[in-house]
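Here are a few notes to go with the model, written for a first look. Keep the 3D view open and click along as you read.

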Amino acid sequence: MSSDPPQDPPGLAQALAAGTVVLDGGMSNQLESAGYGLGDELWSARLLAERPEAVTEAHLAYFLAGASVAITASYQATFEGFAKRGIGHDRAAGLLALSVRSAREAAARAKARGVGRPLWVAASVGPYGAMRADGSEYRGRYGLTVRELERFHRPRLEALAAAGPDVLALETLPDTDEATALLRAVRGLGVPAWLSYTVAGGRTRAGQPLADAFALAAGVDEVIAVGVNCCAPEDVGAAVALAAQVTGRPVVAYPNSGEVWDARARAWSGGSTFTPERVEDWRDRGARLIGGCCRVGPEAIRSVARTLAR
């Protein structure tokens, strides 16, 4: 494995240094709105094997809405998860690569339809708990050591990096053990990364102080942005300011809509608190890579793009 330092994605690091860049929104809700059921342990990753065109069209919808970065449908795509469905290692590696190609194809289609701004692809690397599909990515503390978590993540990181994304999105991390493991695992891959925690009430989901969590990334050359995702909009502002203060890096922020998942009714309740005023506040506090996660669709991303362009 080469020890050469990673190369920045063309223009992305410079764009973050110069101003804000718009991320996409939730992949799952866009697929569901197109009529695809995702009641499966593989979640949106299932469609990589069954309906890859649907994944490409979902990415395209966000590019056309104003996003400049597409996050791939690999959040729950793991060798272990695919194996449970009878998909062997080589085929699974091909599906991980396909997640990157699908986003690239969407970018090409967006360019063909007149989108002139730079477009980038972020390969999603979800937490270990996402593979379990039991909600444990919102708790962390899986009973695994940092070394065991690093061994779990490294093979799919290698497969995704080989597919040539612009950046690796180490996202929805619930605790510092998993962040430590992933920061070790990305070394030497030659692809930059961002590190993003899911948080609640000013702490990681596992209850650790966010200052300590963000500090893990401060000296890691591979990391080009640090922040939060898949959390309530209300938790973003303070976390953004803290991430900027602790790391001195550009901050990434892409929360949920603010609606609440009712596990018993298996439905979302409440209203969205994802507003243009909040987006402006995140930007003013240091966020440079801004988008949405669960229940944030193309129209909301269109609003983000308009807000940041003002």
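1. Let's start with Phe274. This is a predicted model, and in it Phe274 counts as buried because its relative accessible area is 12%, which is below the 20% cut-off. Try finding its ring in the viewer before you go on.

2. Now look for the partner of that ring. Phe274 and Trp282 make an aromatic pair of the edge-to-face kind, with 5.5 Å from centre to centre and 80° between the planes. Is Trp282 buried or exposed? Trp282 is buried, since its relative accessible area is just 1%.

3. How many aromatic pairs are there? The count comes to 5. One of them joins Tyr128 and Tyr142, and this pair is tilted: the centres are 5.0 Å apart and the planes meet at 55°. Tyr128 sits in helix α7, while Tyr142 belongs to the loop between α7 and α8, so to speak a link between distant parts of the chain, 14 residues apart. Both Tyr128 and Tyr142 are buried.

4. There is a cluster to spot here too. Ring pairs connect Tyr128 and Tyr142 with Phe152. Show those three side chains together and you can follow the links by eye.

5. Stay with the loop between α7 (128–132) and α8 (146–162), because Gly140 lies there as well. Why does Gly140 count as buried? Its relative accessible area is 8%, so Gly140 falls under the 20% limit.

6. What does Gly140 touch, leaving aside residues up to four places away in sequence? The answer is Pro174 and Asp175. Thr176 makes a nice comparison of sequence and space: Gly140 and Thr176 are 36 residues apart along the chain, and their C-alpha atoms are 9.0 Å apart.

7. Next, helix α4, which covers residues 52–65. It has 14 residues, and the distance from its first C-alpha to its last is 20 Å, close to the 20 Å expected at 1.5 Å a residue. Right after α4 comes Gly66, which has a positive phi of about 125°.

8. How much of α4 is covered? Mostly: 10 of its 14 residues are buried. Among them are Val55, His59, Leu60, Tyr62 and Phe63. The elements covering the buried residues of α4 include the helices α2 (27–33), α3 (46–50), α6 (89–112) and α13 (298–309), along with the strands β2 (69–71) and β3 (120–125). Colour those elements one by one and see how they sit around α4.

Note on methods:
Residues are numbered from 1 along each chain as its sequence is written. This is a predicted model: local features need pLDDT of at least 70, side-chain atom pairs count only at pLDDT 80 or more; totals for chains, interfaces and linings use all residues. Side-chain values use heavy atoms; hydrogens and water are left out. Helices (H or I, at least four residues) and strands (E, at least two) are DSSP runs, numbered from the N terminus. Buried means under 20% relative accessible area, exposed over 50%, partly exposed in between (1.4 Å probe, protein chains only). Contact means heavy atoms within 4.5 Å. The expected span of a helix is 1.5 Å times one less than its number of residues. Rings of Phe, Tyr and Trp (its six-membered ring) pair if their centres lie within 6.5 Å; planes under 30 degrees apart count as stacked, over 60 as edge-to-face and the rest as tilted.
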